[in-house]
Amino acid sequence: MARIPLPEGDLPERYRVFGLQPAFGKAMAGVSDAIYEKSLLDKRVREAVRMRIALINECQLCLGYRFPELQAVGVDEAFYEAVKDWRNSDVFSEKEKIAIEYAERFLLDHTNIDDALFQRLAQYFSPAEIFDLSAVIAGLLANGRLMQVLQVEHSCSL
């Protein structure tokens with residue numbers, strides 16, 4: 001249950017929360033649409049990044065969400081489990097690992113992201129894709145933190 005009262009209705013909390021301030025709801029829906037429908041990123045890259053951010057944010061909603069259509073590209077429970085120890089996993093390609101590393105540093109150590117990391121990113125991603133990846137990370141960070149802090153559709157992890 002959310003930490004703040006939400007508008008009544010049959011929709012899940014993740015939708016009703018945006019009824020509190022529709023302008024922000026509309027803006028965040030636009031960001032989500034860009035992330036999931038218009039991103040240039042490979043879906044495995046995006047999903048690995050999404051799950052690493054969910055783990056860092058401890059967002060219960062994000063951690064539990066699965067995209068069934070991604071099973072066709074090898075995104076299964078073993079994939080999600082491997083994100084926890086991505087550095088030592090053979091589940092991810094080098095491209096996926098650099099994207100996960102970038103997401104992790106973006107969230108936890110952004111002031112120490114250096115040119116060396118961008119040079120490594122440039123080995124796998126075009127400038128447009130690096131911008132896209134950065135925007136996806138920022139959008140997922142914001143949405144996940146918002147949902148976690150407000151405990152929207154939050155359930156006890158015990």
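This is a short tour of a predicted model, stop by stop, with something to select at each one.

**Stop 1: helix 6 and helix 7**

Start by selecting residues 94-108, which make up helix 6, and residues 115-122, which make up helix 7. Two packed helices are described by the angle between their axes and the distance between the axes. Here the axes come within 10 Å and cross at roughly 150°. Angles over 145 degrees count as roughly antiparallel, and helix 6 and helix 7 are therefore roughly antiparallel to each other. Their crossing is left-handed.

Which residues make the contact? On the helix 6 side, show Ile 98, Glu 101, Tyr 102 and Arg 105. On the helix 7 side, show Leu 117, Phe 118, Arg 120 and Leu 121. Colour the contact of helix 6 with helix 7 by residue type and you get five nonpolar, no polar and three charged residues.

**Stop 2: a salt bridge between those two helices**

Keep Glu 101 and Arg 120 on screen. Side chains of opposite charge can pair when their charged atoms come close. Arg 120 and Glu 101 form a salt bridge, with 2.4 Å between the closest N and O atoms. Arg 120 belongs to helix 7 and Glu 101 to helix 6, so this pair ties together parts that are 19 residues apart in sequence.

Buried or exposed: how does Glu 101 count? Turn on the surface: Glu 101 is buried, with a relative accessible area of 14%. Arg 120 is partly exposed, at 35%.

Now add Arg 105 and Asp 114 to the selection. Together with Glu 101 and Arg 120, they are linked in a network of salt bridges. Across the structure there are eleven salt bridges, and two others come up later in the tour.

**Stop 3: Ser 134 and its neighbours**

Tyr 102, from the first stop, leads to the next one. Select Ser 134, which lies in helix 8. Leaving aside neighbours within four places in sequence, Ser 134 is in contact with Tyr 102 and Phe 106. Ser 134 counts as buried, because its relative accessibility is 16% and the cut-off for buried is under 20%.

**Stop 4: helix 3 against helix 8**

Stay with helix 8, residues 127-149, and add helix 3, which spans residues 43-57. At what angle do helix 3 and helix 8 pack? The angle is about 35°, and the axes are 9 Å apart. Helix 3 passes helix 8 in a right-handed crossing.

To see the contact, show these two groups as sticks:

- From helix 3: Arg 46, Val 49, Arg 50, Ile 53, Ile 56 and Asn 57.
- From helix 8: Leu 133, Val 136, Ile 137, Leu 140, Leu 141, Gly 144, Arg 145 and Gln 148.

By type, the residues of this contact of helix 3 with helix 8 divide into eight nonpolar, three polar and three charged.

**Stop 5: a buried pair in helix 3**

Zoom in on Arg 50 and add Glu 47. Their side chains meet in a salt bridge, 2.6 Å from N to O. Glu 47 and Arg 50 are three residues apart in helix 3, so about one helical turn separates them. Glu 47 counts as buried, at 0% relative accessibility, and Arg 50 counts as buried too, at 5%.

**Stop 6: a pair with an exposed partner**

Next, select Lys 38 and Asp 33. They form a salt bridge, with the closest N and O atoms 2.4 Å apart. Lys 38 counts as exposed, at 56% relative accessibility, whereas Asp 33 counts as partly exposed, at 31%.

**Stop 7: two positive phi angles**

For a look at the backbone, go to Glu 58, in the loop between helix 3 and helix 4. What is phi of Glu 58 near? The value is near 55°, which is positive in a residue other than glycine. Glu 58 counts as exposed, at 51% relative accessibility. Then jump to Gln 151, in the segment after helix 8. Gln 151 also has a positive phi, of about 50°, although it is not a glycine.

**Last stop: Leu 108**

Finish at Leu 108, back in helix 6. Leu 108 is exposed, with a relative accessible area of 55%. For a parting view, draw a line from its C-alpha to that of Gly 19: the two residues are 31 Å apart in space and 89 residues apart in sequence.

Key
Residues are numbered from 1 along each chain as its sequence is written. This is a predicted model: local features need pLDDT of at least 70, side-chain atom pairs count only at pLDDT 80 or more; totals for chains, interfaces and linings use all residues. Side-chain values use heavy atoms; hydrogens and water are left out. Axes are lines fitted to C-alpha atoms, for helices over the stretch in contact, and angles run from 0 to 180 degrees between N-to-C directions. Helices (H or I, at least four residues) and strands (E, at least two) are DSSP runs, numbered from the N terminus. Angles under 35 degrees count as roughly parallel, over 145 as roughly antiparallel, 65 to 115 as roughly perpendicular and the rest as oblique. A crossing is left-handed if the near helix is turned anticlockwise from the far one by less than a right angle, and right-handed if clockwise. Contact means heavy atoms within 4.5 Å. Ala, Val, Leu, Ile, Met, Phe, Trp, Tyr, Cys and Pro count as nonpolar, Asp, Glu, Lys and Arg as charged, and the others, Gly among them, as polar. A salt bridge is a side-chain nitrogen of Lys or Arg within 4 Å of a carboxyl oxygen of Asp or Glu. Buried means under 20% relative accessible area, exposed over 50%, partly exposed in between (1.4 Å probe, protein chains only).
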